[in-house]
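Trainee: Can we go through this one together? I'd like to know what stands behind the labels people put on it.

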Amino acid sequence: MVQQRFVRQSSGFNPLADDQKLASLEDTWVCVNEGGLFRKGPSIDAELAEETLSPSPESPGVITNKAPLHAEIYGIREGDWLKLHNTGHYVMAKDAESGVRYFKNKKLILMEKESEDGPVRVNSRFSNDSKRSTGSGKASADKDNGSGCSVM
């Protein structure tokens, strides 16, 4: 009898594939201000570069030299610049002179969002502490004799 082996095959988009190597949450950046221009080097004087941006892996994408608002790119931070994984081009993350931030790390955005509208802790009406129990029964009767134990 031949034993069949089940092999997990990937289907769909893999952000860690060769074309998006090292792309993780730390390397994902979101455009938060318009005006970020793609360049061939980490300098304002460097030549403009064209990038192909697509809303999904299946779409052909759009060629542009300006980062659209809310666009996600994969790159590594080098000072005030982001170096893109797939092309090696650069885009300014933060303008040191004006203080304008063009890109923000996606991990930071998610952490900020979670802290803003995260779950609010509500005190429980029920307790495991029999000394503070407000219910009837043995726990209430034991309060009179000072015992903190209850028998069910």
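Mentor: Sure, and keep in mind that this is a predicted model. Let's start with Phe38, which touches Glu47, Leu48, Ala49, Glu51, Leu53, Thr64, Asn65, Lys66, Ala67, Leu84, Tyr90 and Val91, leaving aside residues up to four places away in sequence.

Trainee: What makes Phe38 stand out in the largest nonpolar core?

Mentor: That core has 15 residues, and Phe38 is among those with the most contacts inside it, along with Ile73, Leu82, Val91 and Phe103. Strand 1 (28-31), strand 6 (81-84) and strand 7 (90-92) each give two or more residues to this core.

Trainee: Why is lysine 107 called partly exposed?

Mentor: Its relative accessibility is 32%. Buried means under 20% and exposed over 50%, so a value in between counts as partly exposed. Lysine 107 is in helix 1 (residues 106-117).

Trainee: How do you know that glutamate 51 has no salt bridge?

Mentor: The nearest side chain of opposite charge, lysine 40, is 9.8 Å away. A salt bridge needs the charged atoms within 4 Å, so that pair doesn't qualify. Glutamate 51, in strand 3 (residues 51-53), is buried all the same.

Trainee: What makes the pair of glutamate 51 and histidine 89 a polar contact?

Mentor: Their side chains are joined at 2.6 Å. The cut-off is 3.5 Å, so the pair passes on distance.

Trainee: Which confidence values should I keep in mind?

Mentor: The chain averages a pLDDT of 76, with 59% of the residues scoring at least 70. Over residues 7-11 the pLDDT is below 50, and that stretch has zero contacts beyond near neighbours in sequence.

Methods:
Residues numbered from 1 in each chain as written. Predicted model: local features only at pLDDT ≥ 70, side-chain atom pairs only at ≥ 80, totals over all residues. Heavy atoms only, no water. Core = buried A, V, L, I, M, F, W, Y, C linked by side-chain atoms within 4.5 Å. Buried < 20%, exposed > 50% of the residue type's maximum accessible area, 1.4 Å probe, protein only. Helix = DSSP H or I, 4+ residues; strand = E, 2+ residues; numbered from the N terminus. Contact = heavy atoms within 4.5 Å. pLDDT = per-residue confidence, 0-100. Lys, Arg positive; Asp, Glu negative; His and termini not counted. Polar contact = N/O pair within 3.5 Å; in protein donor to acceptor, adjacent residues only side chain to side chain.
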